[in-house]
Amino acid sequence: MPETTPPIAFPNEPVRIAVAFHSGYGHTARQAQALADGAGSAAGTEVDLVTVDDPDDPVLWSTLDAADAIAFGTPTYMGGSSAVFKAFAERTSKVLADDLRWRDKIAAGFTTSGGKSGDKFNTLVDLAVLAAQHGMIWVGLDLPAGWTTSTGSEHDLNRLGSWLGAMAQANADQGPDVAPPAADLRTAFRLGERVAEVTRIYRLGVGALGVGVQGIGVQDIGVQHATGLSAVR
């Protein structure tokens, strides 16, 4: 029989998940913690909770580089990501220019606003596009919409009816000790669980194929990688 290359194995390596976020008043930080708790509840998973407030912090970038999955989070201000998160997102162009260094990492997103809608979907689209530009693999929620019937309530999971990512709503006159409500935090917890589950499955599949975690031979099919993008004005 012909010899075969044994598959790459990750027997005892933990899945590493980074939750990278900005929080203006502490509400999105509560959501980030809930997602991190959900991810950390999965066996064999280690979670790093990091803020993106200081894009010059080398620990931030080394943490994200080491992660198998990154969940991006930001409050929704005026229908989009916060200025602090946008500044971080623009700085990731250096990662993209470095041969799409985050290619094939799992990605997810979450956001909080004061309004029940607050145009949060637009923010999640921004986060998904950011992940797509890095060649990352997006994971959404796997929960049915809550609070859609006369017997439903604000206590339902996914009460805001989002699948692209986790949404939360925080009353503007309440601090992060009270808001977002428990239903929104439990929804974020579930997204964290799902990110951990999908990342583990992906790692097992990559190991079975016998290829590196980042890159399934893109160079072999003639894709020309971006270079010098950080210099584009």
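The exchange below covers the pockets and salt bridges of a predicted model.

Author: In this predicted model, local features need pLDDT of at least 70 and side-chain atom pairs count only at pLDDT 80 or more, while totals for chains, interfaces and linings use all residues. Residues are numbered from 1 along each chain as its sequence is written, and side-chain values use heavy atoms, with hydrogens and water left out.

Reader: What makes a set of grid points a pocket and not a cavity?

Author: On a 1 Å grid over the protein atoms alone, a cavity is a set of points where a 1.4 Å probe fits but cannot get out, whereas a pocket is an open set with protein on both sides within 12 Å along at least five of seven lines. Lining residues have an atom within 4 Å of a point. Here the largest pocket is lined by 15 residues, and Ala 89, Glu 90, Thr 92, Leu 130 and Gln 133 lie nearest its centre.

Reader: What does the volume of the largest pocket stand for?

Author: The value is about 300 Å³. A volume is the space filled by probe spheres set on the points, with grid points joined across faces, edges and corners. For the second largest pocket the value is about 210 Å³.

Reader: Which helices supply at least two residues each to the lining of the largest pocket?

Author: They are α3 (83-91), α4 (93-97) and α5 (120-133), where helices are DSSP runs (H or I, at least four residues) and strands are runs of E (at least two), numbered from the N terminus. With 5 residues, α5 gives the most.

Reader: How many residues of each class line the two pockets?

Author: The lining of the largest pocket has 7 nonpolar, 5 polar and 3 charged residues. The second largest pocket has 5 nonpolar, 10 polar and no charged residues in its lining. Ala, Val, Leu, Ile, Met, Phe, Trp, Tyr, Cys and Pro count as nonpolar, Asp, Glu, Lys and Arg as charged, and the others, Gly among them, as polar. Near the centre of the second largest pocket lie Tyr 25, His 27, Tyr 77, Ser 113 and Gly 114.

Reader: Why is the contact of Arg 16 with Asp 48 called a salt bridge?

Author: A salt bridge is a side-chain nitrogen of Lys or Arg within 4 Å of a carboxyl oxygen of Asp or Glu. The N to O distance for Arg 16 and Asp 48 is 2.8 Å, so the pair qualifies. Arg 16 lies in strand β1 (residues 15-21) and Asp 48 in strand β2 (residues 45-51), so the pair ties together parts that are 32 residues apart in sequence.

Reader: Why is Arg 190 called buried or exposed?

Author: Buried means under 20% relative accessible area, exposed over 50%, and partly exposed in between (1.4 Å probe, protein chains only). Arg 190 has 15%, so Arg 190 counts as buried. Glu 193, at 23%, counts as partly exposed, as does Asp 142 at 35%.

Reader: How do you know that Arg 190 takes part in a network?

Author: Arg 190 meets Asp 142 in a salt bridge at 2.7 Å and Glu 193 in another at 3.3 Å. Asp 142, Arg 190, Glu 193, Arg 194 and Glu 197 are linked in a network of salt bridges. The whole structure has 13 salt bridges.
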